[in-house]
Amino acid sequence: MKASGILLTLMVILSGCQREERELRLDPPVAAALDQVALMPNGISGAPPQVYFALGQPYEANAYALSEGKRLYSWFGCAECHGKGEGGVGPAFLDGWWLYGPEAVSIFASIRDGRPHGMPAYRDKLTTEQTWQLAGYVRTIGAYSARTAAPGRDDAKQTRPAENRSPAAILFDEGPTPLHPDQGPEP
Amino acid sequence: MRLAGRLLTPALLLLSNCSGWQSALDAQGTPAQLLEQLILGIIAACAVVWLAVVAVLGRALCRRRPPTGAPLVLDERRERRMMIAVVAGIAATVVTITGFTAASFMTTRSLAAASPADLTIKVRGKQWWWDVEYAGSASQPVLKTANEIHIPVGRSVRVELEGDDVIHSFWVPSLAGKQDLIPGRTNVLTMRAERSGIYRGQCAEFCGLQHAHMAFLVVADDADAFRDWARTQAGPAAPESSDPLIDKGREVFLSKPCAACHAIRGTSAKGVTGPDLTHVGGRRYIAAGLLPTTLGSLAAWIADPQTLKPGNNMPLVPLAPEELRAVAAYMSSLK
């Protein structure tokens with residue numbers, strides 16, 4: 001009886017040893033495979049490559065990948081057009097209105113290949129891995145469901161709900177006024 | 001004899017750490033020398049106090065307690081002697097501590113009231129490197145560099161310290177004491193090297209993941225060498241070279257995201273987020289003391305900065321192998 005108690009305690013303590021994986025650099029073949037997204041002919045939605053699932057969808061659930069995405073967001077000047085998610089020259093992410101659908105592949109394709117009306121292609125400026133990290137992060141800004149993984153906290157003053165608190169859901173619950181009246185009351 | 005040898009060897013080994021290019025016990029600048037005298041004086045006084053206390057303790061342990069009579073009967077003479085001993089002890093403590101306080105006060109005041117500076121340098125602490133800007137004057141052109149500060153020997157240098165993101169601390173143990181760099185205010189430190197040489201400095205306030213890799217060098221040159229250095233540094237980078245690889249490197253640098261964060265004077269690269277690279281090949285180290293500047297280390301750094309210095313603010317920029325070689329050659333040519 002006593003031994004099993006000790007064993008249980010030890011197991012609980014041992015579980016503390018598990019730490020989230022930090023993938024500093026992907027193997028080149030894996031990175032090359034991650035670039036092979038199968039998009040629909042209109043460039044919207046599609047299927048991520050098999051290796052994306054083999055890796056365990058790290059760009060949506062891994063705090064390190066999300067943090068890297070957040071750093072890339074500021075390094076590559078995303079805020080120039082999209083602000084801190086509220087939009088500006090470019091569309092907003094915070095309202096959860098995804099012009100090309102909310103799937104990670106669509107966001108990945110938007111960043112990699114660019115989109116009409118001003119979104120430049122970042123194919124030559126970001127590695128495939130960085131593009132996925134950034135896409136995963138951008139997706140959390142307009143997420144409808146809260147995540148367990150969160151990127152690093154802002155150093156500057158908070159201007160919107162944190163990424164892991166499903167900002168889109170919070171903003172939509174605030175009132176009946178749609179943020180895009182021209183596009184209908186619901187996303 | 002053997003015991004003495006055994007004790008002496010570790011002592012000598014420890015003492016060997018007291019000199020070198022980053023040691024407060026090997027002071028080569030006036031402020032650092034004043035601080036060194038202060039700490040050595042305090043240690044000497046404390047050693048004397050410790051010896052006196054141990055001597056008194058030893059004597060008390062060895063002395064036999066005199067036979068006592070009735071405990072409530074007071075012996076006038078003994079009482080007075082005990083009182084004198086206690087009062088003398090307290091007085092000695094007060095005098096010593098007051099002496100320390102006064103010495104410390106005088107030293108720090110003399111550090112602040114240093115002679116008027118011949119040169120003003122603005123140092124901005126960033127995560128995790130040092131942005132250095134020399135204020136212009138008649139004999140001194142405005143120039144920007146990073147992680148390597150050159151000063152003339154025997155001249156007082158005013159260093160204006162500013163924080164940019166978090167609190168850092170500027171510390172060149174061989175030349176001066178510590179001074180914090182606080183966002184939103186300017187702190188001033190006066191530095192003076194009495195002997196030419198290269199002194200290493202280090203951030204002395206924990207500032208994040210790569211705090212340990214936030215070092216810099218202070219190079220103290222004689223007046224002529226310093227003037228030559230300043231003239232070279234103030235000039236723009238060479239506009240073209242005879243090596244096609246270097247020209248290709250410049251082209252790649254300007255067309256890739258590099259130019260968004262780094263400035264190279266004389267080209268269209270005007271970024272201010274990262275270190276000024278106008279003469280990066282002439283600095284002794286790259287990435288704030290992480291690696292010595294060689295063609296190989298430059299290429300390694302550009303190829304994968306996040307693995308060499310995880311968490312730093314330089315993203316990996318995808319480059320083809322020949323582009324990487326060209327950019328590294330270009331960086332290394334920027335003397």
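**Entry 1: the largest cavity**

I began with the lining of the largest cavity, which comprises 15 residues, and I noted A:L24, A:E68, A:Q130, A:Q133 and B:Q306 as those nearest its centre. I record at the outset that the model is predicted. I then looked up the volume of this largest cavity and found about 150 Å³. The count of cavities of 30 Å³ or more came to one.

Next I asked which elements of chain A each supply at least two residues of this lining. I found α5 (63-75) and α8 (128-141). The greatest contribution comes from α5(A), with four residues. By class, I entered six nonpolar, four polar and five charged residues for the lining of the largest cavity.

**Entry 2: the second largest pocket**

I turned to the second largest pocket, which holds about 630 Å³ of space. I counted 29 residues in its lining, with A:H82, A:P91, A:F93, A:S110 and A:M119 nearest the centre. Two or more lining residues come from each of α6 (79-82), α7 (104-113) and α8 of chain A. The most is given by α7(A), with four residues. I divided the lining of this pocket into 19 nonpolar, eight polar and two charged residues.

**Entry 3: nonpolar cores**

I noted as background that in soluble globular proteins nonpolar side chains tend to be buried together. How many residues make up the largest nonpolar core, and which touch the most other members? I found 31 residues, with B:I149, B:I151 and B:F170 touching the most other members. From chain B, the elements giving two or more residues to this core are the strands β1 (119-126), β2 (129-134), β4 (148-152), β5 (157-163), β8 (186-191), β9 (197-203) and β10 (215-221), together with the helix α4 (223-234).

I followed B:I149 further and left aside residues up to four places away in sequence. On that basis B:I149 touches B:I121, B:V123, B:V132, B:Y134, B:F170, B:F216, B:L217, B:V218 and B:V219. Apart from this core I recorded another, of 29 residues, including A:Y73, A:A104, A:F108 and A:I141.

**Entry 4: domains of chain B**

I looked up the division of chain B and found domain 1 (20-57 + 78-234) and domain 2 (244-333). The contact between them takes 22 residues from domain 1 of chain B and 20 residues from domain 2 of chain B. I noted 32 Å between the C-alpha centres of the two domains.

**Entry 5: chain A as a whole**

I listed nine helices and two strands for chain A. Along the sequence I read the pattern α-α-β-β-α-α-α-α-α-α-α. The C-alpha atoms of chain A fill a box of roughly 70 × 45 × 30 Å along the principal axes. Chain A has 187 residues, of which 41% count as buried. Among the contacts in chain A with a separation of 6 or more, I found that 61% join residues 24 or more positions apart.

**Entry 6: B:M106**

I closed with a single residue, B:M106, which I placed in helix α3 (residues 76-112) of chain B. Is B:M106 buried, partly exposed or exposed? I entered B:M106 as partly exposed, because its relative accessible area is 46%, and the partly exposed class lies between under 20% for buried and over 50% for exposed. I also looked up B:M106 against B:L38: the two are 68 residues apart in sequence, and their C-alpha atoms are 9.8 Å apart in space.

Definitions and conventions:
Residues are numbered from 1 along each chain as its sequence is written. Chains are lettered from A and ligands numbered from 1 in the order in which they are written. This is a predicted model: local features need pLDDT of at least 70, side-chain atom pairs count only at pLDDT 80 or more; totals for chains, interfaces and linings use all residues. Side-chain values use heavy atoms; hydrogens and water are left out. On a 1 Å grid over the protein atoms alone, a cavity is a set of points where a 1.4 Å probe fits but cannot get out, and a pocket is an open set with protein on both sides within 12 Å along at least five of seven lines; lining residues have an atom within 4 Å of a point. Grid points are joined across faces, edges and corners, and a volume is the space filled by probe spheres set on the points. Ala, Val, Leu, Ile, Met, Phe, Trp, Tyr, Cys and Pro count as nonpolar, Asp, Glu, Lys and Arg as charged, and the others, Gly among them, as polar. A nonpolar core is a set of buried Ala, Val, Leu, Ile, Met, Phe, Trp, Tyr and Cys residues joined through side-chain atoms within 4.5 Å. Buried means under 20% relative accessible area, exposed over 50%, partly exposed in between (1.4 Å probe, protein chains only). Contact means heavy atoms within 4.5 Å. Domain bounds come from an automatic or database domain assignment.
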